[in-house]
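I opened my notebook to look up a few things in this structure, and I wrote them down as I went. Come along and check each entry against the picture.

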Amino acid sequence: MRAPICISNRPWSRGRRFYGCSQLGENRCNFFQWYDKEEDNGVVEDLKDDLEMLQIKIRKFEIENKELKELVKSLKAKSVKRRNKAVFYKLAFFTSWIVYVLVKFGL
């Protein structure tokens, strides 16, 4: 019977690989053997440090993304206000021009 390679999640050996019993329940034996050497655990520690740094960077990007979304939302709102003002002024100019023409030609 083949033993699967598992990864430890215990605090003292987190990330180390080992062979463990493949049986479940009552048929389970106590077979255990490290897959890697203990000195290889330094690589795992380095990978954990890299993972932690990447998680920090991801969090920073998430915060920056949120701030940028809020900025875009604010700029869109300002754009709509400016567009509405422009439409209002065009309408006011057109209306005043019509009134001028009507008054000028007595229509």
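**Entry 1: Arg59 and its partner**

I began with Arg59 and asked: is Arg59 buried, partly exposed or exposed? I found a relative accessible area of 49% for Arg59. Exposed would need over 50% and buried would need under 20%, so Arg59 counts as partly exposed. I noted here that I am reading a predicted model.

Next I wondered which side chain meets that of Arg59 in a salt bridge. The partner is Glu62, and I wrote down 3.5 Å from N to O. Glu62 is partly exposed too, with a relative accessible area of 43%. I then looked up where the two residues sit: both Arg59 and Glu62 belong to helix α1. They are three residues apart, which is about one turn of the helix.

How many salt bridges does the structure hold? I counted one.

**Entry 2: a negative patch**

I turned to the surface and looked for charges. Asp46, Asp49, Asp50 and Glu52 together form a negative surface patch. I picked Asp49 for a closer look and found this residue in helix α1. Its relative accessible area is 45%. That value falls between the cut-offs of 20% and 50%, so I filed Asp49 as partly exposed.

**Entry 3: a positive patch**

Then I looked for the opposite charge. A positive surface patch is made up of Lys78, Lys81, Arg82 and Lys85. Where is Arg82 placed? I located Arg82 in helix α1, which covers residues 41–104. Arg82 has a relative accessible area of 63%. Because exposed means over 50%, I listed Arg82 as exposed.

**Entry 4: the chain as a whole**

After the single residues, I stepped back to the protein chain. I noted one helix and three strands in its secondary structure. In what pattern do they follow each other along the sequence? I read β-β-β-α, so you meet the strands before the helix if you use the definition of elements numbered from the N terminus.

I also looked up how much of the protein chain is buried. Of its 107 residues, 8% are buried. The protein chain exposes about 10,100 Å², and 60% of that comes from carbon and sulfur atoms.

My last lookup was about contacts. I took the contacts in the protein chain with a separation of 6 or more. Residues 24 or more positions apart account for 13% of these.

Methods:
Residues are numbered from 1 along each chain as its sequence is written. This is a predicted model: local features need pLDDT of at least 70, side-chain atom pairs count only at pLDDT 80 or more; totals for chains, interfaces and linings use all residues. Side-chain values use heavy atoms; hydrogens and water are left out. Helices (H or I, at least four residues) and strands (E, at least two) are DSSP runs, numbered from the N terminus. Buried means under 20% relative accessible area, exposed over 50%, partly exposed in between (1.4 Å probe, protein chains only). Contact means heavy atoms within 4.5 Å. Accessible areas come from the Shrake-Rupley method with a 1.4 Å probe; for residues, only the protein chains shown count as cover. Patches are made of residues with over 30% relative accessible area and no salt bridge: like charges are joined within 9 Å, nonpolar side chains (Val, Leu, Ile, Met, Phe, Trp, Tyr) within 5 Å. A salt bridge is a side-chain nitrogen of Lys or Arg within 4 Å of a carboxyl oxygen of Asp or Glu. Lys and Arg count as positive and Asp and Glu as negative; His and the chain ends are not counted. The place of a charge is taken as NZ of Lys, CZ of Arg, CG of Asp or CD of Glu.
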